[in-house]
Amino acid sequence: MKDKNIHKTYKEIFSINEISDDLFNRMKAGNTYKKDCIVPKEDLRYLLILHKDKKGNIHQGEMVVHKLIAKDVLEIFEKLFEAGYPIERIVLPDNYLADDEMMMRDNNSSCFNFRFISHTNIISKHGLGMAIDINPLYNPYHKIITNDDGTKQEIIEPATASTYLDRTLNFDYKIEKGDLCYRLFIEKGFEWGGDWINRKDYQHFELPSDITEKYSNIYERQLINS
């Protein structure tokens, strides 16, 4: 939605909104709000924001987050916009039918996409709307695992991002420790996946587990008692 409503001042465009019925239907059709989602619609917020790409072009973006972080995230994106920090694309994962790999390959930044952590009943931090990925193609997830037979397996997400694993290189949209994006999220209490030891997730900012586990437990209890 490039340059939409640009006649408004940018501070009027940056906004926090409740999830409307139309948006909720869009999220269900797009598969981010799945049939097994136990996060109440009332606990989610829809953010309208502006961002600039690497050429300085202005775009209107949209993101669904948990209400707990809505104000902080809006402030972060407002400061990134003011500073001209480049973010290529911010549309809802529903545009990709909630396909993470497709979305990351398209370098789309996002937050809420309901899912459980594989083989558990624990809601993922993205499933809670408490984790945000920024410029994921250029800031990939990387892990090396050891199989039962002792062989090594390398995981790169998105699979097209191997070029950007070398963090000594200079390239557009790279998140670095200490840069503006990093500092703003850390100041608001987020943790960065680029700081992890046994894996790296350079695109990823999340709330600490003591916070997210509390909400996950609340939603699980509500489901059991419903």
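Asn31 sits in the loop between helix 2 and strand 2 of this predicted model. Its backbone is a bit unusual: phi is positive, at about 80 degrees, even though Asn31 is not a glycine. With a relative accessible area of 33%, Asn31 comes out as partly exposed, because anything between the 20% and 50% cut-offs falls into that class.

The loop that holds Asn31 also holds Lys41, placed between helix 2 (21-30) and strand 2 (44-52). For Lys41 the relative accessibility is 19%, so Lys41 counts as buried, the limit being under 20%. Once neighbours within four places in sequence are set aside, Lys41 is in contact with Ile19, Asp21, Phe24 and Tyr33. Ile19 is 22 residues away from Lys41 along the chain, yet the two C-alpha atoms are 6.8 Å apart.

Helix 2 itself contributes Met27, and here the burial is clear-cut: relative accessibility is 1%, so Met27 counts as buried. Leaving out residues up to four places away in sequence, Met27 touches Ile19, Thr32, Tyr33, Leu44, Val64, Asp94 and Phe112. Two of these names, Ile19 and Tyr33, also turn up among the contacts of Lys41. As for Val64, it is separated from Met27 by 37 residues in sequence and by 9.6 Å in space, C-alpha to C-alpha.

Val64 and Phe112 lead on to the inside of the model, as both help to line the largest cavity. The rest of that lining is made up of Glu62, Met63, Ile90, Val91, Leu92, Pro93, Ser109, Ser110 and Cys111. By type, the lining splits into 8 nonpolar residues, 2 polar and 1 charged. The volume of this cavity is about 30 Å³, and the structure holds 1 cavity of 30 Å³ or more.

Open space is another matter. The largest pocket takes in about 960 Å³, and helix 4 (100-105), helix 5 (125-128), strand 9 (204-206) and helix 7 (209-225) are the elements that each give two or more residues to its lining. Helix 7 supplies the largest share, with 6 residues. In total, 32 residues line the pocket, and those nearest its centre are Arg115, Ile117, Ser124, Lys125 and His126. The pocket lining is a mixed bag, with 10 nonpolar, 11 polar and 11 charged residues. In the cavity, by contrast, the count was 8 nonpolar, 2 polar and 1 charged.

Another charged residue to look at is Glu78, which belongs to helix 3 (residues 70-83). Its relative accessible area is 16%, so Glu78 is buried. Apart from neighbours within four places in sequence, the contacts of Glu78 are Tyr10, Lys11 and Phe14. Lys11 is thus one of the residues that Glu78 meets from elsewhere in the sequence.

The stretch between strand 6 and helix 6 has its own backbone quirks. Pro158 lies in this loop, with strand 6 (152-157) before it and helix 6 (180-187) after it. The peptide bond leading from Glu157 into Pro158 is cis, its omega being near 0 degrees. Further along, Tyr173 is placed in the loop between strand 6 and helix 6 as well. Tyr173 has a phi near 70 degrees, a positive value in a residue other than glycine. Asn31 also has a positive phi, but whereas Asn31 is partly exposed, Tyr173 has a relative accessibility of 5% and counts as buried.

Zooming out, the chain has 7 helices and 9 strands. The radius of gyration is 17 Å, close to the 17 Å that the globule rule gives for 226 residues, so the chain is as compact as a globular protein of that length. Taken along the principal axes, its C-alpha atoms fill a box of roughly 60 × 50 × 30 Å. Buried residues account for 50% of the 226 residues. Of the contacts between residues at least 6 apart in sequence, 61% join residues at least 24 apart. The accessible surface adds up to about 11,500 Å², with 49% of this belonging to carbon and sulfur atoms.

Technical notes: Residues are numbered from 1 along each chain as its sequence is written. This is a predicted model: local features need pLDDT of at least 70, side-chain atom pairs count only at pLDDT 80 or more; totals for chains, interfaces and linings use all residues. Side-chain values use heavy atoms; hydrogens and water are left out. Helices (H or I, at least four residues) and strands (E, at least two) are DSSP runs, numbered from the N terminus. Buried means under 20% relative accessible area, exposed over 50%, partly exposed in between (1.4 Å probe, protein chains only). Contact means heavy atoms within 4.5 Å. On a 1 Å grid over the protein atoms alone, a cavity is a set of points where a 1.4 Å probe fits but cannot get out, and a pocket is an open set with protein on both sides within 12 Å along at least five of seven lines; lining residues have an atom within 4 Å of a point. Grid points are joined across faces, edges and corners, and a volume is the space filled by probe spheres set on the points. Ala, Val, Leu, Ile, Met, Phe, Trp, Tyr, Cys and Pro count as nonpolar, Asp, Glu, Lys and Arg as charged, and the others, Gly among them, as polar. The radius of gyration is taken over C-alpha atoms; the globule rule is 2.2 Å times the number of residues to the power 0.38. Accessible areas come from the Shrake-Rupley method with a 1.4 Å probe; for residues, only the protein chains shown count as cover.
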